[in-house]
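Me: Please take a close look at one part of this model, and set it in the context of its chain before you go into detail.

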Amino acid sequence: MKNIWSFFMGTLVLISKGSKAYYIWVGSLLGLAGLGVIGYLYQLNQGLAVTAMKDQVSWGFYISNFTFLVGVAAAAVLLVIPAYVYHWKPIKEIAVLGELLAISAICMCLMFVTVDIGRPDRFWHLIPKIGLLNFPQSLLAWDVVVLNIYLTLNLVIAVYILYETYYKRVPNKSFTTPLLLLSIPAAISIHTVTAFLYNGLGARPFWNASILAPRFLASAFCSGPAFMILLFLLIRKYTKFRIQDEAIHKVAELIAYAMFINLFLFGAEVFKEYYTGSVHLAPLEYLLQGLHGHNALVPWIWTALIFNISAFFIFLIPETRKNNVTLVIGCMLIFTGVYIEKGMGLVIPGFVPDVLHEIYEYAPTGIELLVSMGIWSAGLLIFTMLLRVAIPILNGDFHVADDGVGSHIGDQMFFIGKKAREEAVNSE
Amino acid sequence: MSNCCKQPALGIDRRTALKGLATGVAALALPASNASASVWEAFFQKHFRELSKDELKQVLARLTKEYSQEFGKEVSVKATPAIEGVTYGYGLDLSRCIGCRRCVYGCVAENNQSRDPQIHWIRVLQLEQEKGTALEYAEHYYNPQTVPEEGHFYMPVQCQQCSNPPCTKVCPVQATWPEKDGIVVVDYNWCIGCRYCMAACPYGARHFNWGKANVPADELNPDTHYLGNRPRPIGVVEKCTFCIQRTREQPGRYPACEEICPVGARKFGNLNDPESEMRYLIENKRVFILKEELNTQPKFFYFYAT
């Protein structure tokens with residue numbers, strides 16, 4: 001108990017220390033998150049009427065973001081599999097970063113759901129025994145369960161490994177291995193269940209296609225890893241942490257395969273709807289071409305498709321995937337492309353046209369954008385805090401002091417310039 | 001925080017202000033006045049079907065008092081249970097309906113839907129005779145001087161009271177369910193406002209309180225049912241209940257939409273009673289249901305009597 005306490009106090013001291021760039025970054029995130037809170041308080045006061053959602057389009061930007069982020073969270077598994085199933089060392093060294101990303105993404109998911117519900121004061125109705133969770137009937141109940149299991153698994157694994165490393169002990173494999181193996185089906189389940197949540201609705205032909213869950217998984221294995229590569233490159237550049245090229249290139253290669261499957265499945269869906277040409281084509285037509293003069297999503301989805309196809313080639317060709325410039329471009333294209341495709345591009349056409357074939361064109365209001373920006377900032381803040389502790393621990397810059405009580409903090413800066421980083425690396 | 005209990009402008013009364021506060025920062029509010037006691041009672045209220053007889057009595061008394069104070073007139077809140085052996089069914093004669101929308105507004109008046117923002121439980125579709133009941137050609141906002149319009153016919157759509165309702169299945173907290181008499185109801189005090197049921201309903205029958213409901217006190221129908229037309233809180237889903245506050249009375253009354261229809265296009269009755277008008281219709285006319293491919297098994301039947 002005493003050990004846990006001194007570890008915890010040590011982390012608090014650690015996150016309060018950093019370079020000027022670190023303070024500016026954390027300060028900006030806090031500021032933006034604060035603005036989001038103000039926006040949310042306004043929404044609480046006025047009701048969801050301040051959003052652009054209506055009975056016709058009853059889920060919007062919040063649930064789109066939620067859906068996308070479940071994918072980002074699930075993608076941590078793409079690091080866990082090569083690291084712990086195939087024991088590939090270059091990725092094993094960084095797998096814990098994927099778990100921390102999963103934790104942050106799930107926190108954002110939970111925040112996005114919270115701001116979307118009409119009665120957040122009644123959240124306790126979802127707690128089994130205390131409330132009345134409709135399990136196993138409701139897929140939303142399933143989602144609550146699997147998201148919490150996945151969050152808990154990642155928290156336990158990551159915190160345990162970091163805690164043991166801090167105390168200069170080797171993490172006990174007979175404890176971590178089963179949990180890590182369990183986190184693989186858990187990751188797949190969060191995305192599958194989220195897909196099923198839409199998939200199971202006969203009222204919405206756009207979602208009621210069995211290809212939906214595979215499409216969800218394929219796109220998740222693009223967006224999450226793309227974010228992680230960007231992160232690895234940043235970490236490598238601005239902190240003392242070292243990540244091997246091999247690891248990054250392997251992740252990029254996996255993205256290429258996942259993107260191919262994603263595009264193929266989307267093509268299969270497009271073929272089926274257009275060739276059949278039934279009334280069920282309407283939502284896809286709305287998405288890709290516009291319907292009766294309503295075409296708000298058309299430029300977005302084509303942007304996403306062009307981004308995804310370009311990124312596929314960038315990651316497929318070894319020269320471009322190993323070139324840092326094209327690699328960064330590819331990651332950004334994929335992250336944006338999937339954000340559009342698996343966010344608004346997936347949620348909105350489910351409601352347009354609505355079940356009685358009315359067309360209401362949804363576009364988020366300023367409040368929705370403000371609150372969402374706040375949540376993204378809060379999520380990045382959580383992730384930054386986790387990395388602020390994890391990276392020094394993995395580097396050996398943050399560990400228990402020689403007296404066995406206090407903590408040794410070797411990294412006072414965290415974010416450092418390129419020059420300072422080279423000096424630091426050379427001096428070691 | 002301290003001025004939360006002052007009478008604010010814009011007609012938001014003290015109770016509402018408190019409630020809004022409890023909604024947002026329940027943990028911080030800790031209000032101490034008498035009015036706030038009911039806020040906490042509401043907060044910790046159990047699911048409707050888990051209330052004991054005594055608890056239900058207390059809840060109804062609390063709501064009666066709350067609504068009567070809010071609207072400045074006597075409001076009654078009952079929780080009449082389903083009548084044994086009754087299953088309600090509804091019939092709609094498409095050859096008679098003239099699209100006048102009297103049912104829409106009769107429903108609003110009877111069931112205390114919000115006037116602003118406007119909520120309608122019935123949507124009347126104007127359809128083209130040449131296209132039949134194909135919904136993709138429906139006109140929702142037709143507004144001519146007189147109805148019916150040449151070449152068109154009209155199809156009112158409301159909750160179809162499915163026997164296999166996709167909406168209740170998806171609710172994560174069991175806040176909505178089909179009653180023994182077949183009416184699908186919502187516990188407005190248990191609904192968390194996730195709107196999953198609205199995504200699941202194939203008929204657009206569920207409506208959300210995006211803003212605070214607004215019903216003028218002098219227009220409020222004071223005869224209310226807990227599961228039906230009582231005033232709705234913000235942030236919850238509501239829907240047609242076959243006028244549960246009327247139809248469960250003994251002797252029963254017809255739903256408001258049935259009663260107001262000037263052409264007799266609307267029929268209502270007990271499907272279990274072989275002598276009922278509904279049974280006569282089903283046996284002697286040719287009825288159809290909406291979106292039968294979804295196997296929702298509606299108890300709302302459309303037919304052409306002539």
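What percentage of the 306 residues in chain B do the buried residues make up? And, with that as background, where is B:Cys240 placed, and which residues does B:Cys240 touch?

Reply: This is a predicted model, and in chain B the buried residues make up 44% of the 306 residues. The same chain has nine helices and twelve strands, and among its contacts with a separation of 6 or more, 62% are between residues 24 or more positions apart.

Turning to the residue itself, B:Cys240 lies in the loop of chain B that runs between strand β9 (237-238) and helix α7 (244-247). Although placed in a loop, B:Cys240 counts as buried because 26 other C-beta atoms lie within 10 Å, where the cut-off for a buried residue is 20 or more.

As for the partners of B:Cys240, once residues up to four places away in sequence are left out, the residues touched are B:Trp121, B:Gln158, B:Cys159 and B:Ala205. B:Cys159 is thus a cysteine that B:Cys240 touches; for another cysteine, B:Cys162, the separation from B:Cys240 is 78 residues in sequence and 12 Å in space, taken from C-alpha to C-alpha.

Taken together, B:Cys240 is a loop residue between β9 and α7 of chain B that is buried and has contacts with B:Trp121, B:Gln158, B:Cys159 and B:Ala205.

Notes: Residues numbered from 1 in each chain as written. Chains lettered and ligands numbered in written order. Predicted model: local features only at pLDDT ≥ 70, side-chain atom pairs only at ≥ 80, totals over all residues. Helix = DSSP H or I, 4+ residues; strand = E, 2+ residues; numbered from the N terminus. Buried ≥ 20, exposed ≤ 12 C-beta atoms within 10 Å, placed from the backbone. Contact = placed C-beta atoms within 7 Å.
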